[in-house]
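User: Could you take a close look at one part of this protein for me, the main nonpolar core, and tell me how it is put together? A little context on the whole chain would be welcome too.

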Amino acid sequence: MAAASAVSVLLVAAERNRWHRLPSLLLPPRTWVWRQRTMKYTTATGRNITKVLIANRGEIACRVMRTAKKLGVQTVAVYSEADRNSMHVDMADEAYSIGPAPSQQSYLSMEKIIQVAKTSAAQLFFWKDDIDDLKISEAIHPGCGFLSENMEFAELCKQEGIIFIGPPPSAIRDMGIKSTSKSIMAAAGVPVVEGYHGEDQSDQCLKEHARRIGYPVMIKAVRGGGGKGMRIVRSEQEFQEQLESARREAKKSFNDDAMLIEKFVDTPRHVEVQVFGDHHGNAVYLFERDCSVQRRHQKIIEEAPAPGIKSEVRKKLGEAAVRAAKAVNYVGAGTVEFIMDSKHNFCFMEMNTRLQVEHPVTEMITGTDLVEWQLRIAAGEKIPLSQEEITLQGHAFEARIYAEDPSNNFMPVAGPLVHLSTPRADPSTRIETGVRQGDEVSVHYDPMIAKLVVWAADRQAALTKLRYSLRQYNIVGLHTNIDFLLNLSGHPEFEAGNVHTDFIPQHHKQLLLSRKAAAKESLCQAALGLILKEKAMTDTFTLQAHDQFSPFSSSSGRRLNISYTRNMTLKDGKNNVAIAVTYNHDGSYSMQIEDKTFQVLGNLYSEGDCTYLKCSVNGVASKAKLIILENTIYLFSKEGSIEIDIPVPKYLSSVSSQETQGGPLAPMTGTIEKVFVKAGDKVKAGDSLMVMIAMKMEHTIKSPKDGTVKKVFYREGAQANRHTPLVEFEEEESDKRESE
């Protein structure tokens, strides 16, 4: 009995995305129940993974931990000083500090992670050429990003006798070095984009090949990914500056600044295929994802399957991806990326030798848990399903929710998540995140807050569900792209599936609509919410300190003989709005805005940790989540969100201001990477003044005007806070005349 119970089988329940662990005594070994049908798989022998170290942070670390815990596998977290109180640290069974906040001193430090693996006796997931001879009890899951595609790290694990969950080091090398991967694909008969992938990395050589290929060209980090170390160059005049910028960013992100040059294809689609390989020579594809809609060369919304793709093209894509995987003896999860034109012709772009950020959409349409597949394959099992058994059902979207300001060129922002509430998760709605209310979005790492993943029977239904869920994702404390995602998902061309990589620039004006003035009805809602909040606070004080039965303790504003009118001022954008509020005897309010009067009635109630305002304006009922923080009223409803400010009295307002003579301000908190100017230098509008590194991205600070530099406030390596002056200009004669 004990021996039998020691062997367990993981069964996938028929219910979508619900996986349950059942003892092997309930069903025969090697049997899966999946979507009410039965299939076979082969179990491994001699390998028993009981603990895994996740060499990553944030949402991907939490994602791996959820599956590991479901399987009964213990988890080990690593964290930097900045992540000491992070969600992934709290989720893990064990957690170890690995150094300061900068990634190169923590999450990119191979030696520190290996040492933690040895200390914790974790099992780092890794490939071994001869699986049958492998008798190791240590393993690591690299997540995505950081060291997940680092061949040296995989080799180091191998030398230390540690299992790395991922492909062989040779596959990481061949597919991670983009020049090598292009050659392999060309030899396998897969069309590739024209370019230079050679070893000569001199500036002159790269520039000559760019001229030969013809502008525009794409400069790409050889070991890049996630849009890092990637620049579009449209003319030879800007080539050198963009090359240097790409190299700096690649060095920071991948510790390697080797570059390749490719012909830039205008308005293509970015379509990628999920593949899996195992130690037994098998490989399968799990259909394609469309990741065309991007900003800063980074995906912002993904879907599976790709819209408008016919089954014949889908099959060709999948088979080409499997050929790519087999060409390098691929093991584990990988993604083969293609560029596709309007006629659905496709060319190989690159292969990511890891689990992708957007993998949940594939899981939703195939009913699989790809992290579980990774663990099973690392344990020596065959791929759980054959190609014929992998079926596509429905449609899924993933929207990446970022801390960024879309109106400011999607500039990343850092700060606290003062309020955070999300849609309710269910089998067709997933929230993949690594943060909670009260956590801080750090300046040191990627600004992604969460991934919102939805599934439905068809694309239109999934799109409707996505928009509904986005309206329920409410964040206060910093800028996010939620409203932008709502505009994007509601754009007619996106609804029609007409997506491509230039979608956001092409529809920029419609997607970044100027803030509309709030409707007068919304202003009435905000005023009522403020009044009721004040009343609730006063009532609480009355119950604690006064006679609650005394009529003089009432805070309703009710008057026995006359009506009481209160004059309020709220701020909508830059405009102050006067509201005359009359407290009526029946508990309702009459609110006059300009020449129109509204009859308003409502109350507050709580659901969980949230306060809701139930309100009627001129007989039209509505419900909104109400948050009042500092001097801002936030209302979140099914129509979207609005922010109404409460003006600060003049005597409390700061009258001090810092003159910078038209010099640029830091767009975010970050590190000054490079300074190009000094006091006395004359510059033209658009000249580069300095480079900042923040949230894993490089940002070039340009001069806003012609002028002479009077002072540079920061040196290279210094930290600059958001909105602080960076450079001061000499006062020009024209400026003096204007001030006079």
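Analyst: Here is a walk through the core, followed by a second core, a buried helix and the chain as a whole. Please keep in mind that this is a predicted model.

The largest nonpolar core has 71 residues. Those touching the most other members are Val275, Phe276, Leu317, Val336, Phe338, Phe348 and Trp373. Helix H10, residues 311-327, supplies the largest share of this core, with seven residues.

Val275 is a good place to zoom in. Setting aside neighbours within four places in sequence, Val275 is in contact with Val284, Tyr285 and Met351, among others. Its contacts also include Ala321, Val322 and Ala325, as well as the run Gly332, Ala333, Gly334, Thr335 and Val336. Val336 is itself among the residues that touch the most other core members.

There is also a second, separate core of 37 residues, including Ala399, Val413, Ile431 and Val435.

Another part you may like to inspect is helix H14, residues 482-489: six of its eight residues are buried, so the helix is largely enclosed by the rest of the structure. The buried ones are Ile482, Phe484, Leu485, Leu486, Leu488 and Ser489.

For the wider setting, the protein chain has 19 helices and 44 strands. Buried residues make up 55% of its 740 residues. Among contacts between residues at least 6 apart in sequence, 62% join residues at least 24 apart. The accessible surface of the chain comes to about 32,900 Å², with 49% of that belonging to carbon and sulfur atoms.

Terms used. Residues numbered from 1 in each chain as written. Predicted model: local features only at pLDDT ≥ 70, side-chain atom pairs only at ≥ 80, totals over all residues. Heavy atoms only, no water. Buried < 20%, exposed > 50% of the residue type's maximum accessible area, 1.4 Å probe, protein only. Helix = DSSP H or I, 4+ residues; strand = E, 2+ residues; numbered from the N terminus. Core = buried A, V, L, I, M, F, W, Y, C linked by side-chain atoms within 4.5 Å. Contact = heavy atoms within 4.5 Å. Areas by Shrake-Rupley, 256 points an atom, 1.4 Å probe, with all protein chains shown as cover.
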